[in-house]
Amino acid sequence: MVQVMLINQEFLFQKAFSRMMDDIKGCNYVGVAENGIQAMDMISQFHPGIIFADAMLGLENGIALCKKIKEKFPETIVYILSNYCDFKLMKESMYAGIEDFLLKPLSRLKLASLLMERQEEKITQKEGPEEELFAAVDHRDYKGACVASDQFVNHIFSVTDESNRKKE
């Protein structure tokens with residue numbers, strides 16, 4: 001079961017998100033954090049697999065917070081939510097290792113689609129760096145393809161090195 005968390009200060013959005021999560025099977029909504037300190041505490045406690053975070057958290061920069069999250073919990077998938085389609089924010093979020101930049105309001109259909117896609121990826125994910133690369137390319141996940149291609153090349157080098165050692 002996928003653990004899901006929200007980082008957001010807007011009361012109405014929190015309630016709407018919670019209700020949408022009630023309808024999605026296979027996910028456990030662990031709750032909401034309203035600032036960076038609460039977020040890091042909750043992440044340490046619940047280890048969510050997926051986090052939805054607002055780009056702006058009052059005086060806090062949500063993207064900077066997400067960068068800290070990705071550094072400390074690199075396996076966590078983080079989506080940024082914003083009221084504005086701002087290229088600078090999008091670019092900043094991609095450099096921070098964010099999975100995607102989503103515009104508010106987030107529809108029930110979009111949320112369900114994202115979460116179901118993640119669950120399917122976990123189920124169908126195969127062993128080996130080449131399969132991860134192919135899956136990332138199939139999903140047009142450029143960031144994932146870049147990471148997977150690096151792992152694939154390293155795998156090929158290690159196999160080649162091992163093969164050369166056996167020949168000697």
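Two strands pair if DSSP finds at least two bridges between them. Helices (H or I, at least four residues) and strands (E, at least two) are DSSP runs, numbered from the N terminus. The model is predicted: local features need pLDDT of at least 70 and side-chain atom pairs count only at pLDDT 80 or more, while totals for chains, interfaces and linings use all residues. Residues are numbered from 1 along each chain as its sequence is written, and side-chain values use heavy atoms, with hydrogens and water left out.

**Overall layout**

The protein chain has seven helices and seven strands. Read from the N terminus, its elements follow the order β-α-β-α-β-β-β-α-β-α-β-α-α-α. Of its 168 residues, 38% count as buried (under 20% relative accessible area; exposed is over 50%, partly exposed in between; 1.4 Å probe, protein chains only). Contact means heavy atoms within 4.5 Å. Among contacts in the protein chain with a separation of 6 or more, residues 24 or more positions apart account for 63%.

**The sheet**

An open sheet is formed by five strands in the order E2-E1-E3-E6-E7, with parallel pairing. Strand E2 (27–33) and strand E7 (100–103) stand at the edges with a single partner strand each, so one side of each is left without a neighbour in the sheet. From one strand to the next, the twist averages 20°.

Strand E3 (residues 50–54) is joined to strand E1 (residues 2–7) by four bridges, and the two run parallel. Five bridges join E3 to E6, also in parallel. The following residue pairs belong to these strands.

| Residue | Opposite residue or bridge partner |
|---|---|
| Methionine 5 | Isoleucine 51 in E3 |
| Leucine 6 | Phenylalanine 52 in E3 |
| Aspartate 54 | Leucine 81 in E6 |

In a regular strand the side chains alternate between the two faces of the sheet. In E3 both faces are covered: Ile50, Phe52 and Asp54 are buried on one side, and Ile51 and Ala53 on the other. Five of the five residues of E3 are thus buried.

**Serine 82**

Strand E6 (residues 77–82) contains serine 82. Serine 82 is buried, at a relative accessible area of 2%. Leaving aside neighbours within four places in sequence, serine 82 is in contact with Ala55, Leu89, Phe101, Leu102, Leu103 and Lys104. Proline 105 lies 23 residues from serine 82 in sequence and 8.5 Å away in space, C-alpha to C-alpha.

**Helices H2 and H3**

Two packed helices are described by the angle between their axes and the distance between the axes. Axes are lines fitted to C-alpha atoms, for helices over the stretch in contact, and angles run from 0 to 180 degrees between N-to-C directions. Helix H2 (residues 36–46) packs against helix H3 (residues 62–72) at an angle of about 25°, and their axes are 11 Å apart. H2 and H3 are therefore roughly parallel to each other (angles under 35 degrees; over 145 is roughly antiparallel, 65 to 115 roughly perpendicular and the rest oblique).

At this contact, Gly36, Ala39, Met40, Ile43 and Ser44 in H2 meet Leu65, Lys68, Ile69 and Lys72 in H3. By class, the contact has five nonpolar, two polar and two charged residues (Ala, Val, Leu, Ile, Met, Phe, Trp, Tyr, Cys and Pro count as nonpolar, Asp, Glu, Lys and Arg as charged, and the others, Gly among them, as polar).
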